[in-house]
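Reader: I'd like a close look at one part of this model: the place where the two ends of the chain's fold get held against each other, side chain by side chain. Could you walk me through what is there, and what surrounds it?

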Amino acid sequence: MSYQSETPFDSLEGSHEYIAMLAAEVDEARREVEAEIATADREHADRRKQALLLVSYNLVKLSLHITTSRRILNDLRSLRRLLLQERGVAVEEEKAIAAGA
């Protein structure tokens, strides 16, 4: 019987995929905000431009956090593969020892 994921966070792969989609959305939002900043600059809307610059700054911070999260998820997936491979080797060794006894 195999386990069916109910949420994107039930597995490292699902979480990684979700974070990748989130990163794409944040990048799109950053592009839109940059365009809005240019428009506000042309219209001499200084207060709006300042607010948009703050939004842009926070989107950059969010993007950095997402990038860090993706790297951590990659590390965890690599470590899991390594551990499962070692466990597979240990199980094979135990079987060989049991067969030889």
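Author: Let's start with Leu82, keeping in mind that this is a predicted model. Leu82 counts as partly exposed because its relative accessibility is 41%, which falls between the 20% mark for buried and the 50% mark for exposed. Leu82 sits in helix α2, which covers residues 46–100. On the surface, Leu82 joins Ile72, Leu76 and Leu79 in a nonpolar patch, and together the four have about 350 Å² of accessible area.

Now for the frame around that patch. The protein chain has 2 helices and 0 strands. Of its 101 residues, 16% are buried. The chain exposes about 8,100 Å², with carbon and sulfur atoms supplying 57% of that area.

What ties the two helices to each other? Take the contacts with a separation of 6 or more: 58% of them are between residues 24 or more positions apart. The largest nonpolar core is a good place to see who is involved. It has 10 residues, namely Ile19, Ala23, Val26, Val33, Ile37, Ala40, Leu52, Leu59, Ile66 and Leu73. Both α1 and α2 give two or more residues to this core, and α1 gives the most, with 6. As a rule, nonpolar side chains in soluble globular proteins tend to be buried together.

Ala24 offers another way to gauge the spacing. This residue lies in helix α1 and is partly exposed, because its relative accessibility is 42%. Ala24 and Ser63 are 39 residues apart in sequence, yet their C-alpha atoms are 9.4 Å apart in space.

Next, the charged pairs. A search of the whole structure turns up 4 salt bridges. In one of them, the side chains of Arg80 and Glu13 meet at 2.2 Å, N to O. Arg80 belongs to helix α2 and Glu13 to helix α1, so this pair ties together parts that are 67 residues apart in sequence. Both partners are partly exposed: Arg80 has 29% relative accessibility, and Glu13 has 34%.

The pair Arg30 and Asp27 is another case. Their side chains form a salt bridge at 4.0 Å, N to O, but here both residues lie in helix α1, 3 residues apart, or about one turn of the helix. Arg30 is partly exposed at 29% relative accessible area, and Asp27 is partly exposed at 31%.

Finally, go to the turn-around region. His44 lies in the loop between α1 (12–42) and α2. His44 counts as exposed because its relative accessibility is 66%. Its backbone is worth a look too: His44 has a positive phi of about 55 degrees, although it is not a glycine. Most residues other than glycine have a negative phi.

Around that loop, Lys49 forms a salt bridge with Asp41, with the closest N and O atoms 3.2 Å apart. Lys49 is partly exposed, with a relative accessible area of 24%, and Asp41 is partly exposed as well, at 41%. Lys49 also turns up in the surroundings of the core residue Ala40: leaving aside neighbours within four places in sequence, Ala40 is in contact with Ala45, Arg48, Lys49 and Leu52. Leu52, like Ala40, is a member of the nonpolar core.

How values were computed
Residues numbered from 1 in each chain as written. Predicted model: local features only at pLDDT ≥ 70, side-chain atom pairs only at ≥ 80, totals over all residues. Heavy atoms only, no water. Helix = DSSP H or I, 4+ residues; strand = E, 2+ residues; numbered from the N terminus. Buried < 20%, exposed > 50% of the residue type's maximum accessible area, 1.4 Å probe, protein only. Contact = heavy atoms within 4.5 Å. Areas by Shrake-Rupley, 256 points an atom, 1.4 Å probe, with all protein chains shown as cover. Patch = residues over 30% accessible without salt bridge, like charges linked within 9 Å, V, L, I, M, F, W, Y side chains within 5 Å. Core = buried A, V, L, I, M, F, W, Y, C linked by side-chain atoms within 4.5 Å.
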